[in-house]
Amino acid sequence: MRLSTDPLKTQKVYLVLRDRIVAGELEPDARLPGEPKLAGEFDVSRVTIRRALARLAEEGMIERRAGSGTFVTRQPAKVRALITDVANVFTGLITMGRTTNVRLISFEYIKPPEPVRVALGLKSGEVVQRSVRVRLVDDQPFSYLTAHVPGRIGSVYSESDLAKMPLLELMERSGLKTEFARQDISAVLAGPEVSEALDVDTGAPLVSLTRVVYGPNSEGMEHLHALYHPERFTMQMELVRDGEIGSRQWRPSPATARPVRRTTPRKRS
C-alpha cells in the first residue's frame, strides 16, 4: 500500500466526489464506498482518499458515522448562486447590489493605469477614484470588484455611500445618466489577495469580467474589473434562432437584447 500522497491527486478525488454530490449522483443519505474501494477506483493511496474526504466533511457535504461509514448529508452545504442576465446589464447590477451585502476594502484617488485611462477616454493627468469591494451572498463572498471612476464623477458620493449602495445607483441618484457598456468575459486564476477575499485556493479558476460603462456622447463613466466565484455566480442570456435556412444564427432575444452602440470614446472637440 502506498503511504505517500499527491496534492494534485487529492484535489482530483475531492473534485470528482464533490461533483457527484452536487449533480445528485450521490443523493442525501447515500453511503459512500469505503476507503479501500475508492482508493482502487482512483488508483491512489488511502491517505489521499482520507484527505479528500476530510475536505468534503469540512464543507458539510458528507459526514462520518461511527461504525456505519461515510454518508452524504441530508442538505449538503451549498451557497445560493447569483444569476444575472448578460444582456440586461444595468438592471441586473443594481438589483444585485440591493440583494447582496458588500465589504469595502479600499477607497482612494490615484493616477489611473494606462489601460484604464484609455478605456475611459481621460486626459493625461486626470485622476480616478479607485475602490475595491467584495460582495457577499448568504454571508459568503462571490465577487471581487475593482472599480475606477473619473474623479469628477466620484466626487458626487462619499466612501460611506459606496459601502452601502451600488455604484451605478449612486451615479444615477446624482443625476448622471448611463447609456451603454462594453464587457468582456474570460477566465483567470486567483492570485493570493483575491483567493483570500473569495475564500478559494490560490490558482483556482475564476470568472473574469471587464466592463466599461459610458454616458451621453460616449463619455467614460466607470471601468470595472470583476472576479467571480464560479460556484456562486451564473451569467445567462436568452437567445433566439433566426435567419435563412443554411445561415441561421443564435442572437440575443429581443426581450433582453441591447442595441449595438459605439464602444470607443469619441474625440472631444
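This is a walk through the structure above, from its overall make-up to a few single residues.

Let us begin with the whole chain. The model is predicted, and the protein chain averages a pLDDT of 82, with 82% of the residues scoring at least 70. The chain holds 9 helices and 12 strands. Of its 269 residues, 39% count as buried. If we take the contacts between residues at least 6 apart in sequence, 61% of them join residues at least 24 apart. One stretch calls for care: over residues 256-269 the pLDDT stays under 50, and the model has 28 contacts beyond four places in sequence for that stretch. Where pLDDT is low, the predicted coordinates should not be read in detail.

Now to the interior. The largest nonpolar core has 19 residues, and those with the most contacts inside it are Val149, Tyr157, Leu167, Met171, Ala226 and Tyr228. Strand S6 (140-150), helix H8 (167-173), S8 and strand S9 (220-228) are the elements that give two or more residues to this core. Apart from this core lies another, of 17 residues, with Leu32, Ala52, Leu56 and Val72 among them. Met171 is a handy residue to select in your viewer: leaving out residues up to four places away in sequence, Met171 touches Val149, Ile153, Leu176, Met221 and Glu222.

Two hairpins come next. In one of them, strand S1 (residues 62-65) and strand S2 (residues 69-72) run antiparallel and are joined by 4 bridges. Here Ile62 stands opposite Val72 in S2, and Val72 is also one of the residues of the 17-residue core. The hairpin of S1 and S2 has 3 residues between the strands, and Gly67 takes a positive phi near 80 degrees. The other hairpin pairs strand S11 (residues 239-242) with strand S12 (residues 249-252), again antiparallel and with 4 bridges. Leu239 stands opposite Pro252 in S12. There are 6 residues between S11 and S12 in this hairpin, where Gly243 takes a positive phi near 105 degrees.

The aromatic rings offer some geometry to look at. A pair of aromatic rings is described by the distance of the centres and the angle of the planes. How many aromatic pairs does the count come to? The count comes to 2 aromatic pairs. Phe107 and Tyr109 form an edge-to-face pair, at 6.1 Å centre to centre and with 90 degrees between the planes. Tyr109 has a relative accessibility of 41%, so this residue counts as partly exposed. Phe180 and Tyr214 form a stacked pair, at 5.1 Å centre to centre and with 25 degrees between the planes. What does this second pair tie together? Phe180 lies in strand S7 (residues 180-189) and Tyr214 in strand S8 (residues 205-214), so the pair ties together parts that are 34 residues apart in sequence. Both Phe180 and Tyr214 are buried.

Rings also meet charged side chains. Arg55 lies over the face of Tyr14, at 3.9 Å from the ring centre. Likewise, Arg65 lies over the face of Phe71, at 4.2 Å from the ring centre. This second contact brings us back to the first hairpin, whose strands S1 and S2 span residues 62-65 and 69-72.

We can close with three single residues. Ser195 has its place in helix H9 (residues 192-198). Is Ser195 buried or exposed? Its relative accessibility is 5%, and because buried means under 20%, Ser195 counts as buried. Neighbours within four places in sequence aside, Ser195 is in contact with Ala190, Val200, Asp201 and Thr202.

Ser155 sits in the loop between helix H6 (151-154) and helix H7 (159-162). With a relative accessibility of 53%, Ser155 counts as exposed, since the cut-off for exposed is over 50%. The C-alpha atoms of Ser155 and Gln129 are separated by 8.5 Å, while the two residues are 26 residues apart along the chain.

Finally, Asn217 is found in the loop between S8 and S9, two strands that each give two or more residues to the largest core. Asn217 itself is exposed, with a relative accessible area of 62%. Asn217 and Glu179 are 38 residues apart in sequence and, C-alpha to C-alpha, 9.2 Å apart in space.

Key: Residues are numbered from 1 along each chain as its sequence is written. Side-chain values use heavy atoms; hydrogens and water are left out. Rings of Phe, Tyr and Trp (its six-membered ring) pair if their centres lie within 6.5 Å; planes under 30 degrees apart count as stacked, over 60 as edge-to-face and the rest as tilted. Buried means under 20% relative accessible area, exposed over 50%, partly exposed in between (1.4 Å probe, protein chains only). A charge sits over a ring if NZ of Lys or CZ of Arg is within 6 Å of the ring centre and within 35 degrees of the ring normal. Two strands pair if DSSP finds at least two bridges between them. A nonpolar core is a set of buried Ala, Val, Leu, Ile, Met, Phe, Trp, Tyr and Cys residues joined through side-chain atoms within 4.5 Å. Contact means heavy atoms within 4.5 Å. pLDDT is the predictor's confidence in each residue, from 0 to 100.
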